[in-house]
Structures are given as structure tokens and as C-alpha cells.
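Reader: I'm new to this structure and would like a close look at a single part of it. Could you pick one spot and walk me through what surrounds it?

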Amino acid sequence: MRQHLLPVPPCAEPGVNPLAATGDRLRWGVVAPGQIARRVTADLAQLEDSVLQAVSSRSEANAAGFANDFGFESSYHDAQGLTGYERLFADPDVDVVYIAAPHAQHREVAEAALTAGKHVLCEKPLTLNAAEARVLAEVARTNGVFLMEAVWTRFLPSINRAWDIIASGELGEIQWVQADLGFVAAYDRRSRLWDPSAGGGALLDLAVYPLTWAFGALGFPAEVLAQATLTDDGVDMRNALTLSYETGATAQLITSIVASCPGTATVSGTAGWLTASTPQCNPSELTITTNDGVSRVEAFAQIGSNYVYQLREVTRCIQEGMVESPTMPWADSIATMDLLDSVRTQVGIQYPNDQPLRSTGRRYVGLAPTR
């Protein structure tokens, strides 16, 4: 049995209850109370050792309304020359913050939180580019506080069971991974999905999920080839990535915000294949088929929206005095942004707060994380 390429977190082990307390209670703050924050907070409230302490928004009405809906102790908004998040970070009763702001604001908001001594769980992508990700890692290291990108899929029991099956050798040597994710988003230049200044497009919003399947089955690639279709504003509507490995294996990944996709993932080896049910970022079933035609289905229960596993890992790591998660370390976030920088260089995606991206041609030259 080979080693897992992505370490299994304790919360994903069989029989573990992710809601059960693993230490002292942590007081949480939430920045940018939008749709995703609403779903994550509903799950956060279920953890036995979580306290919903404070929420911040630009708008007083939004902050107060969100606080009332979930029972937060405090709410903050832009006032007295300070942003709502600056006022929240000054609250000594907040231990850790969950940042759900638009992509382009991640570095600024997360850096302010880390500098204020707050632990941080930041929505994916961690930043717009690798240079920003390196800055956040260094700020977290300097201040001795926890930082993690919110790639919740890595912590799910179903995903980690897939890694078990792959590592066991049941599928033989992995040769090919296919994963897609997409939906139809009505065009609206004011929406973050279509706004280049907000880091809009399919790549940063969706590609992390197909990439998780490639990384978990094959690791970080030697080479990436990318294609994309851009709007007149330079926002990618769809993209296709081909990841190549020194073993000869290949991963083909597709994301889109103009087409509905099956949302499945398939990992194929010399002895069989594994298929994840839709959506592949949160599969409830895995179907394993061997070369002799025998198939079985493994099913997995869901708790809330299933963010509880990620939230348990953040909580455990902070309680144990860790500054990064072994399952979602800073090196992986930086290497992923290096890969996405390479993709953007190939297809011509630029964001207003980018430093000029170093052209890597067709080869992905970012350093893969060490294990």
C-alpha cells in the first residue's frame, strides 16, 4: 500500500464525530456575510467547541441581520474611518476569523487579520496569485498564527476514502484522472464571477476542485497545458487543463461558468477505475469497478453542508498550537497558485492587482510541495 499524497486529517477517520469538541472553545469572527458565509456559519454553529462571537460587513444592516440570524455576540460595519473587518480584528474576544470576501480582497483582509494576531480560515483561492500567497504565509509565520485556505473537499470522509482506495493498489497504477465542474451563471458585469477586478472567472472559482482529484491521485504535475475562452473583459468563461506527469499519467480537468457539467470525477488505473458522484467536490457515493467488471458502491452520510470537517480541522490545529494544517499546508496553497499563475500566463488572464506574471511558456515550473 502506497502513502497518501494528501495526508488524512483526524476528522475524516472512520467513526470520528466532527462535531465533538477536541479542546477549549474558540470564538469565531466572520468577515463578509454573503451566501457562502451563511452556509459555513450554519455548520460552524454545530461544533461543540465553537462560539459565534462577531461578524463584519461594510453595511450595518447586513452585519446586524446576519448576527441576529445566527446569534453572534457582536456585529461590526464600516464606521469612524475604519472598515468593519478592522473593527472586528480589534475585538479581543475574537480568536479566529473566517474570511468569505471576494477573491481580490483575500490578501488584504487576511493580512490584516494575521497581523492583528487572529487565526485565519480564508476562502479559496487563498489569494489571486502565488506572490500574494507567499506574503500571507510569511505574515502567519512571523506572527505565529494559524492560516489555512478553505479547500473543504480535502477533509471529507468520501474524498479521503478515495485516497485509501487509490493507495491500496486496488485500481493498479493510476494512469488518468478526469474531473469537471460547471454551471450557468447569467452574465452580470457587477457580479464577482464576471468582474476581472474581483478575480472573476471559472478558473479561480472552480478549478481547485478538479485539481484536488488530480493532486490526490497523482500529485503535483510536471507540466500543464491550458486552453480558455475569455470575455471581452478578460474573464475566463471556460477552461480546460491537461496535467502531465513524469510517469506518463495524465489529468484532464474542465471548469465552466457558461455550461452545466456532470460534475463527476474518474480515476482510472491499470486494474480498474473509481467514479465520484456529483458534485465531485462533495460526493455522497464512490463507485469502484475492477477490470473483471465487478462494481461496488460506497455511500457517505452528510452533516449539514459538510463544511464541519474542515472547521473541525481548523479548530483542532489551533487548539494544538499549530500554525498550518498537515492536510492543507501553505506549500500546497502556494504550489497551486504557482500552477494557476502558469495557466493564466498561457491563456492571457490578468487581474488589476497582479504584478506582471512571469511567463512560464507551456511548462509548469512552480515547485511542488515536499512530503
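**A strand and its surroundings**

Author: Let's start with one pairing: T266 has T275, in β12, as its bridge partner. Keep in mind as we go that this is a predicted model. Strands β11 and β12 run antiparallel, joined by four bridges. Getting from β11 to β12 takes a hairpin of two residues. In general, strands of a sheet pair through backbone hydrogen bonds, and they can do that either parallel or antiparallel.

Now look across to β13. Strand β12 covers residues 272-276 and strand β13 covers residues 285-290, and the two pair in the antiparallel sense over five bridges. Within that pairing, G272 sits opposite T290 of β13.

What about the faces of β12? One face is covered, and G272, L274 and A276 belong to it. The other is uncovered, with W273 and T275 on it. So T275, the bridge partner of T266, belongs to the uncovered face.

Stepping back, where does β12 fit in the sheet? This is an open sheet of eight strands, and you can read the order off as β8-β9-β10-β7-β11-β12-β13-β14, with mixed pairing. At the edges stand β8 (223-230) and β14 (295-299); each has a single partner strand, so one side of each is left without a neighbour in the sheet. From one strand to the next, the twist averages 10°.

Next come the helices that lie over these strands. Helix α8, residues 208-218, lies across β12, and also across β7 (174-182), β9 (236-244), β10 (250-256), β11 (265-269) and β13. Its direction is at about 165° to β7. Another helix, α10 (residues 330-347), lies across β8 and β9 and runs at about 55° to β8.

Since we're looking around, the aromatic rings deserve a stop too. Searching the whole structure turns up seven aromatic pairs. One of these is formed by Y85 and F89, and it is tilted, with 5.6 Å centre to centre and 45° between the planes. These two are four residues apart in helix α3 (residues 84-89), so about one helical turn separates them. Y85 has a relative accessible area of 14%, which makes it buried. F89 counts as buried as well, at 6% relative accessibility.

F215 and F220 form an aromatic pair too, and this one is stacked: the centres are 4.0 Å apart, with 15° between the planes. F215 is buried at 3% relative accessibility, and F220 is buried with a relative accessible area of 14%. Elsewhere, ring pairs tie F66, F70 and F72 together into a cluster.

Last, there's a helix pair to look at. The axes of helix α4 (residues 106-115) and helix α5 (residues 130-143) come within 9 Å and cross at roughly 5°. That crossing angle makes α4 roughly parallel to α5. On the α4 side, the contact is made by H106, R107, A110, E111, L114 and T115. From α5 come E132, V135, L136, V139, A140 and N143. Sorted by class, the contact of α4 with α5 has six nonpolar, three polar and three charged residues.

Methods. Residues are numbered from 1 along each chain as its sequence is written. This is a predicted model: local features need pLDDT of at least 70, side-chain atom pairs count only at pLDDT 80 or more; totals for chains, interfaces and linings use all residues. Side-chain values use heavy atoms; hydrogens and water are left out. Axes are lines fitted to C-alpha atoms, for helices over the stretch in contact, and angles run from 0 to 180 degrees between N-to-C directions. Angles under 35 degrees count as roughly parallel, over 145 as roughly antiparallel, 65 to 115 as roughly perpendicular and the rest as oblique. Contact means heavy atoms within 4.5 Å. Ala, Val, Leu, Ile, Met, Phe, Trp, Tyr, Cys and Pro count as nonpolar, Asp, Glu, Lys and Arg as charged, and the others, Gly among them, as polar. Two strands pair if DSSP finds at least two bridges between them. Rings of Phe, Tyr and Trp (its six-membered ring) pair if their centres lie within 6.5 Å; planes under 30 degrees apart count as stacked, over 60 as edge-to-face and the rest as tilted. Buried means under 20% relative accessible area, exposed over 50%, partly exposed in between (1.4 Å probe, protein chains only).
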